[in-house]
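Hi,

Here is the structure I said I would pass on. Have a look at it first, and my notes follow below.

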Amino acid sequence: MEIIQIIGLGFLVTLLILIIRQQRPELAVQLGLTLSAIIFLMVLSKLNVVLDLFRDLAEKANISQMYLNTILKIIGIAYVTEFGAQVCRDAGESAVAGKIEFAGKILVMVMAVPIIALVLDTIVRLIP
């Protein structure tokens with residue numbers, strides 16, 4: 001199971017970070033970033049399976065590719081925002097993390113406008 005490997009790697013790097021942080025705190029942050037990149041690369045192949053499934057379901061449901069792409073972008077923004085905020089928190093910059101989260105929320109709201117408009121348009125057409 002990949003999750004066992006990821007957790008084991010996470011524990012190992014966490015232990016190294018705890019040891020290194022006392023002597024070289026800047027290296028500890030870099031080690032954390034490297035771990036994040038490695039974990040991302042490990043799960044990247046699994047992401048393609050999910051994206052293909054979403055595309056197949058959208059095609060079967062006759063949903064426009066534009067709306068599916070928008071939803072996938074929103075999900076991507078949420079994940080990248082969370083990742084960026086956590087990296088900043090790990091580096092001790094909670095204020096910057098908060099600003100990243102705020103920007104992510106605004107971008108999600110902006111990206112959702114076409115979908116919200118479609119839903120409202122559908123509701124208006126259903127009401128006599």
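Which residue follows H3 with a positive phi? That is Gly92, and its phi is near 85°. Before the rest, one thing to keep in mind is that this is a predicted model.

**The overall picture**

The protein chain has 4 helices and 0 strands, so if you read along the sequence you get the pattern α-α-α-α. As for its dimensions, the C-alpha trace spans about 70 × 35 × 15 Å along its principal axes. The radius of gyration of the protein chain is 20 Å, whereas a compact globule of 128 residues would come out near 14 Å.

Of those 128 residues, 16% count as buried. The accessible surface comes to about 9,600 Å², and carbon and sulfur atoms make up 72% of that. On the charge side, the protein chain has 10 positive and 10 negative side chains, with the centres of the two sets 2 Å apart. And if you take the contacts with a separation of 6 or more, 48% of them are between residues 24 or more positions apart.

**H1 and H2**

Starting from the N terminus, helix H1 covers residues 2-23, which is 22 residues. From its first C-alpha to its last it reaches 32 Å, close to the 32 Å expected at 1.5 Å a residue. Its buried residues are Ile6, Gly10, Val13 and Ile17. Look at the spacing of those numbers: an α-helix has 3.6 residues a turn, so residues three or four places apart point the same way. The buried residues of H1 pack against helix H2 (25-60).

Two residues of H2 are worth clicking on. Ile38 lies in helix H2, and its C-alpha is 9.5 Å from that of Leu9, though the two are 29 residues apart in sequence. Is Ile38 buried or exposed? Neither, quite: its relative accessible area is 37%, so Ile38 is partly exposed. Phe40 is in helix H2 as well, and at 48% relative accessibility Phe40 also counts as partly exposed. The C-alpha atoms of Phe40 and Tyr79 are separated by 11 Å, with their positions 39 residues apart along the chain.

**The loop before H3**

Between H2 and H3 there is a loop, and Asn62 is found in it. Asn62 has a positive phi of about 60° although it is not a glycine. With a relative accessible area of 72%, Asn62 is exposed, because anything over 50% counts that way.

**H3 and what covers it**

H3 has 26 residues, which should span 38 Å at 1.5 Å a residue; the end C-alpha atoms are 37 Å apart, so the two agree. The buried residues in H3 are Leu68, Thr70, Leu72, Ile74, Ile77, Thr81, Gly84, Ala85, Val87 and Cys88. What covers them includes H2 and helix H4 (94-126).

Two threonines show the H4 side of this. Thr70 sits in helix H3, residues 65-90. Why does Thr70 count as buried? Its relative accessibility is 9%, and the cut-off for buried is under 20%. Leaving aside neighbours within four places in sequence, Thr70 is in contact with Met111 and Ile115.

Thr81 is further along helix H3. At 15% relative accessibility, Thr81 is also under the 20% cut-off and therefore counts as buried. Again leaving aside neighbours within four places in sequence, Thr81 is in contact with Ile100, Glu101 and Gly104.

**The view from H4**

Now turn it around and start from Met111, which is found in helix H4. Which residues is Met111 in contact with, leaving aside its neighbours within four places in sequence? They are Thr70, Lys73, Ile74 and Ile77. Of these, Thr70, Ile74 and Ile77 are among the buried residues of H3. Met111 itself has 23% relative accessibility, so it counts as partly exposed. Its C-alpha is separated by 10 Å from that of Ile75, and the two residues are 36 apart along the chain.

If you want a place to start, try Met111 and Thr70, which are in contact, and then work along H3 to Thr81.

Best wishes

Terms used. Residues are numbered from 1 along each chain as its sequence is written. This is a predicted model: local features need pLDDT of at least 70, side-chain atom pairs count only at pLDDT 80 or more; totals for chains, interfaces and linings use all residues. Side-chain values use heavy atoms; hydrogens and water are left out. Buried means under 20% relative accessible area, exposed over 50%, partly exposed in between (1.4 Å probe, protein chains only). Contact means heavy atoms within 4.5 Å. The expected span of a helix is 1.5 Å times one less than its number of residues. The radius of gyration is taken over C-alpha atoms; the globule rule is 2.2 Å times the number of residues to the power 0.38. Accessible areas come from the Shrake-Rupley method with a 1.4 Å probe; for residues, only the protein chains shown count as cover. Lys and Arg count as positive and Asp and Glu as negative; His and the chain ends are not counted. The place of a charge is taken as NZ of Lys, CZ of Arg, CG of Asp or CD of Glu.
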